[in-house]
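Student: Hi! Could you walk me through this structure, starting with how strands sit next to each other?
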Amino acid sequence: MLGIPELPANAFTFREGAVYCYFSPALRDAAPLLLRLINSSTRSYFAIGCSEYELFSGLDAQTQDNLCKTFASPRHPAFFWHSSTEESKKRNLSTFLAETQRLHPRNNSLLIIAIYADHIANDTPKQRSRQISQWANWARQKKLSVLFHFYGDYQSLRPALIKDSAQIAGMLSLQPISRHKLNVHLHYWYSSVDVIADQEYFLNTADTNCLAAIEHQAHHGITDSTTAIDEDHIHIAAPALTGADQVASNRTIMTHSASDNRKLIESIHHLDAATVVFSCSAPDDARDVAVMCYELRTKYGGRSKLIIRELKPCLRYSDTRFLLRSGANLVVPSSVAFSDFLDQIDALQGQVMIRSLPASLSDMLESWNGINQRGYFEPHDFVQHAQLALDTSRQDDLDLVLLLLKPSKTIAIEHCLSLCNMTRNGDLVTVCDGELFILFGACRAADADTALRNSFALPPQEIFAETLQFSEVADIEEAIASILPARDFLSAEKGQQLLSLAPNQLGRSQDAFTVPTEQRTSAKPVTLLSQRKS
């Protein structure tokens, strides 16, 4: 049967005439798994609702080469559906089915359809159920194994699709942990003999020709009040000892030291109430450290002390909250001296962490995704993403800030936008009725001024005559409700074009301040194009 050889056969095999779903935050996250699946099939068809550039731009060079070699084979053709923003909004599973049927795939083939989750998230449950039923009927007629890969903000889509489990034979989510490590959460999978549900795996993707899978089992530790024999033990990653040479030696005695975080956790075979100190020197470290904290916390309970020491400024507000949610007791900022860091270790002794943890590692990783979009959106889309950000902020206890910016009379709204640079995921901007609205996701109210200064090439007070700030949920909801009646706004294509002119992206050239004088019109549809035909 079709499947991925390295993964458990009863959980990941694909049956003819069945429909399956993968979910991931970005296309690149699923690339190793999809590559292995395609190469293990006799014949496959890969179709995606974006351009070749959008697919390949997020991949590393090795994965790009592997995809090119695979798609060059006549047994594994790839098709790219080019469409404008306006046309993509009208897409749903029925339109994808109609286009896919035009490919005339051969019987007994694997069909992979990669779809941006937002394209079908707005369909009603009844519409979506009917569309999935159409796909399932066609798959049975053609004896196809159909795999939908939904990428982007899929959190609201997945629960809706789970309700259609009678039509979907298997469903799993992929979450990146580090560059070559994935968390695979199998929600359910109909095998030839039974149903497998709620299992998690770690997948090593360093070698796409031979993936390595390890089943992850969370054993929630039991906490008791007896004295622990290892309470004064401290296990630490060597980089976290930075500054120790400036402190008296009798204060820097550690029970065990390892060269890095990975070696540290591999050396720990038992914990009761000991202290474990991880180091963090880059934003990419946070996700890996969070997984380690979650593993230790679920395995050994709340008596152990898990500390992350930031070695240089690299953790944002959302990163810190994520680390605490994963089971860490304390995140120590880089500005704290080593001697003060030792005082904080002492202060934690004897304490027990009683904060609840996410139900699964997959749930924990998903809580960190937040809003993956950034940049300019038309008012209607801006309001939708802002509402989703509000819902996420309530669930994850994160702050966000909405700013209303009124330009000076001598500055055109287009020029304001051309000086703006949205660099963080979750930071959104729109223009309506001559005003700018900016949403800073995962941002404290006290940090809004700094975020605003960092988002413009010139001081904001030189561009805008008035700035209004909303940080309370009720105020933000009221403010975004006022956006929808707007009639004068820029199209998504024009807005993104103006953002690309920001001087800090182009190098402060004169061209950066030259704004096109096109009229404010909606994008024109682009003819749908298939690159190959079987």
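Tutor: Happy to! One definition to begin with: two strands count as paired if DSSP finds at least two bridges between them. Keep in mind that this is a predicted model.

Student: Okay, so which residue stands opposite Ser-257 in E11?

Tutor: That is Ile-236. Strand E10 covers residues 234-237, and E10 and E11 pair in the parallel sense over 3 bridges.

Student: And what is the order of the strands in the open sheet?

Tutor: The sheet has 5 strands, in the order E11-E10-E12-E13-E14, and the pairing is parallel. At the edges you find strand E11 (256-258) and strand E14 (330-332), each of which pairs on one side only.

Student: How many degrees are neighbouring strands of this sheet turned against each other on average?

Tutor: The average is 20 degrees, with direction ignored.

Student: Cool. Which helix packs on the sheet?

Tutor: Helix H11, made of residues 283-300, packs there. Helix H11 touches strand E12 (275-280) and strand E13 (305-310). The direction of H11 makes about 165 degrees with that of E12.

Student: Let's switch to charges. How many salt bridges does the structure hold?

Tutor: There are 7 salt bridges. As background, side chains of opposite charge can pair when their charged atoms come close.

Student: Which residues does the salt bridge between Asp-288 and Arg-262 tie together, in terms of helices?

Tutor: The side chains of Asp-288 and Arg-262 meet at 3.4 Å, N to O. Asp-288 lies in helix H11 and Arg-262 in helix H10 (residues 261-267), so this pair ties together parts that are 26 residues apart in sequence.

Student: Is Asp-288 buried or exposed?

Tutor: Asp-288 counts as buried, because its relative accessibility is 17% and the cut-off for buried is under 20%. Its partner Arg-262 is partly exposed, with a relative accessible area of 27%.

Student: What about Arg-102, what does that one form a salt bridge with?

Tutor: With Glu-99, and the closest N and O atoms are 2.6 Å apart. Arg-102 is exposed at 54% relative accessible area, whereas Glu-99 is buried at 14%.

Student: One last pair: what do the side chains of Arg-444 and Asp-447 meet in?

Tutor: They meet in a salt bridge as well, at 3.5 Å from N to O. Arg-444 counts as partly exposed, with 37% relative accessibility. Asp-447 is partly exposed too, with a relative accessible area of 32%.

Student: Thanks, that helps!

How values were computed: Residues numbered from 1 in each chain as written. Predicted model: local features only at pLDDT ≥ 70, side-chain atom pairs only at ≥ 80, totals over all residues. Heavy atoms only, no water. Helix = DSSP H or I, 4+ residues; strand = E, 2+ residues; numbered from the N terminus. Axes fitted to C-alpha atoms, helices over the stretch in contact; angles between N-to-C directions. Contact = heavy atoms within 4.5 Å. Salt bridge = Lys/Arg side-chain N within 4 Å of Asp/Glu carboxyl O. Buried < 20%, exposed > 50% of the residue type's maximum accessible area, 1.4 Å probe, protein only.
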